[in-house]
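Colleague: Please take a close look at one side chain and the contacts it makes, and then follow the same kind of reasoning outward to the rest of the chain. A connected account would serve me better than a list.

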Amino acid sequence: MRMRVIDVVPGQAPTFDSATAPVEPWPGRADPDDASVGRPFDQFVVKIHGRCNLACDYCYVYEMRDSGWRDRPRVMAAEVADRLIARIVEHVDRHRLGRVRVILHGGEPLLAGPEPIERFAAAIRHRLAAVGATAQLVVQSNGVLLDAALLDVLARYDIRVGLSLDGDRVAQDRHRRRADGRGTHADVARALALLELPRHRGRLEGLLCTVDLANEPRATCAALLAHRPPMIDFLLPHGTWDHPPPSGCGDGPYGRWLAAAFDHWWDAGRPVRVRLFDAVLDLWAGGAGGSEAVGLAAADAVVIETDGTYQRTDSLRAVADGATATGLDVWRHPLDAASALRALEQPTGGLDALCGICRSCPVVRVCGGGLRAHRHGRGKGFDNPSVYCRDLAILVGHVRFRMAERLSGRRASAVDGARVGEAREVVVGRSAAFD
Ligand code: SF4
Ligand code: SF4
């Protein structure tokens, strides 16, 4: 076996403590022929278009610390897409992956228009088939441009659609607006109505909802469920210790919001998958979770920008300018080089990458310290609990309580509630230690 050639030392990894980007975020070289250094990626987030037709005020691409989008091409050029497809096929073949997931992303991917989407989908399906693999293709969109003609293209290449929707009209139009201030609820409702037509049924992948404390959680949950999506995911607005979430975290308001939304879903008999809640349930049951937001498993996805550079997960755009950059790209590096860097960054799948408070936390295997970006700041790099620590503690404690209640076959009594309250305080109290 050839020697591993990587000159990145985990202890020397950049911490992005200052507001400015490190000059060379990942100066390492990974040996492209050594496939042992990292788990392969099975998800590829492809930024097919780098701009957006909306101006959501919480947007992590345009409104956070990272400004890399300004210097990148608006659209992924055909030659970059071709090279990327070759890299994905090479990665899939080398690791004998039978099926991968490719998410066409942005900005707003539908701004690319039907032709580049069609070309990408046809090429990747064809070339993966040549190595005995298949792809689940998804376009993650704000829904505004989704019309019958585009849906026909998506249907032709079996591309599913994920839409962003924050709840009812008031909830959606509070943040998800055009540059001139007009809301988008009517546009998404129209897109969802098209997806309800018999010929498009089954094409909706799910709804992505960013939590806003101004929205009532049960009503939000009900508004999302009314569209009968196969899956819902709740996202917390991105923030760090230095740049906290918009409503602040304090004593765990997002945790209580999520717990109330969980109750609505749980009491309705879990009618659809809710990625975050299902992940917490699965983690409590000893599973791997399946959400980047909780648990200790490293992300299985890599992001590829319009210029062909490999990037870390988008949420790190909340941390600093350049925080997602790897210094790697489709022209010079196989995807194994990016997975090797991820392995160095999260060497044992998560626990060792956490701060001492998290490592000794009673719910760490379920919470996992939350998203990495949310742990950043206070001059300590990522060596903090999550800025959402109390919120996560409340959510995972609440889910555990509801599971126990179901298993015991009885409703919670006041005594049970008090016990859970105490258990929560043990966790939340720990998080108070670093105030
Ligand atoms: S639709 Fe997405 S990419 Fe566009 S502004 Fe809103 S959050 Fe940002
Ligand atoms: S609840 Fe707080 S201390 Fe515990 S693992 Fe999560 S972020 Fe860390």
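Modeller: The side chain of Thr326 reaches the backbone nitrogen of Leu328 at 3.1 Å. In this predicted model, Thr326 is placed in strand β10, which covers residues 325-329. The side chain of Thr326 also reaches a second backbone atom, the oxygen of Tyr310, at 2.7 Å. Thr326 is buried, its relative accessible area being 7%, and the cut-off for that class is under 20%.

Ser360 offers a second example of a side chain in contact with the backbone. Its place is the loop between α10 and α11. With a relative accessible area of 42%, Ser360 is partly exposed. The side chain of Ser360 comes to 3.0 Å from the backbone oxygen of Gly356. A polar atom of this side chain also lies 3.3 Å from the backbone oxygen of Ile357.

Ile357 leads on to a ligand. It belongs to the residues around ligand 2, which also include Cys358, Cys361, Val363, Val364, Cys367, Gly369, Pro385, Ser386 and Cys389. Helices α10 (356-359) and α11 (364-367) each contribute at least two residues to this shell. By class, the shell around ligand 2 holds 8 nonpolar residues, 2 polar residues and no charged residue. Around ligand 1 the residues are Cys52, Leu54, Cys56, Cys59, Gly107, Asn142 and Arg176. Here the division is 4 nonpolar, 2 polar and 1 charged.

Charged side chains also pair with one another within the protein. Side chains of opposite charge can pair when their charged atoms come close. The model contains 27 salt bridges. One of them is formed by the side chains of Asp336 and Arg94, with 2.8 Å from N to O. Asp336 belongs to helix α9 (residues 335-345) and Arg94 to helix α1 (residues 78-94), so this pair ties together parts that are 242 residues apart in sequence. The two partners fall into separate accessibility classes: Asp336 is buried at 4% relative accessible area, whereas Arg94 is partly exposed at 34%.

Another salt bridge joins the side chains of Arg402 and Asp263, whose closest N and O atoms are 2.7 Å apart. Arg402 lies in helix α12 (residues 389-408) and Asp263 in helix α7 (residues 253-267); the pair therefore ties together parts that are 139 residues apart in sequence. Both Arg402 and Asp263 are buried.

A further salt bridge, between Arg199 and Asp152, has an N to O distance of 3.9 Å, where the limit for a salt bridge is within 4 Å. For Arg199 and Asp152, with 3.9 Å from N to O, the positions are the loop between α5 (185-196) and β5 (204-210) for Arg199 and helix α3 (residues 148-156) for Asp152, so the pair ties together parts that are 47 residues apart in sequence. Arg199 is exposed, with 54% relative accessibility, while Asp152 is partly exposed at 33%. Beyond such pairs, Lys47, Arg72, Glu305, Asp307, Asp314 and Arg317 are linked in a network of salt bridges.

The loop that carries Arg199 lies between α5 and β5, and strand β5 deserves a closer description. Of the 7 residues of β5, 6 are buried. Strand β4 (residues 159-164) pairs with β5 in the parallel sense over 4 bridges. Within this pairing, Gly206 in β5 is the bridge partner of Gly162. Strand β6 (residues 231-235) also runs parallel to β5, and 4 bridges join the two. In this second pairing, Leu207 has Ile232 of β6 as its bridge partner. In a regular strand the side chains alternate between the two faces of the sheet. Helix α6 (residues 217-225) completes the arrangement, for β5, α6 and β6 make a right-handed β-α-β unit.

Definitions and conventions
Residues are numbered from 1 along each chain as its sequence is written. Chains are lettered from A and ligands numbered from 1 in the order in which they are written. This is a predicted model: local features need pLDDT of at least 70, side-chain atom pairs count only at pLDDT 80 or more; totals for chains, interfaces and linings use all residues. Side-chain values use heavy atoms; hydrogens and water are left out. Buried means under 20% relative accessible area, exposed over 50%, partly exposed in between (1.4 Å probe, protein chains only). Two strands pair if DSSP finds at least two bridges between them. A crossover is right-handed if, with the strands pointing away from the viewer, the path from the first strand over the helix to the second runs clockwise. A residue is near a molecule or strand if one of its heavy atoms lies within 4 Å of it. Ala, Val, Leu, Ile, Met, Phe, Trp, Tyr, Cys and Pro count as nonpolar, Asp, Glu, Lys and Arg as charged, and the others, Gly among them, as polar. A polar contact is a pair of N or O atoms within 3.5 Å; within protein, one must be able to donate a hydrogen and the other to accept it, and residues adjacent in sequence count only if both atoms are side-chain atoms.
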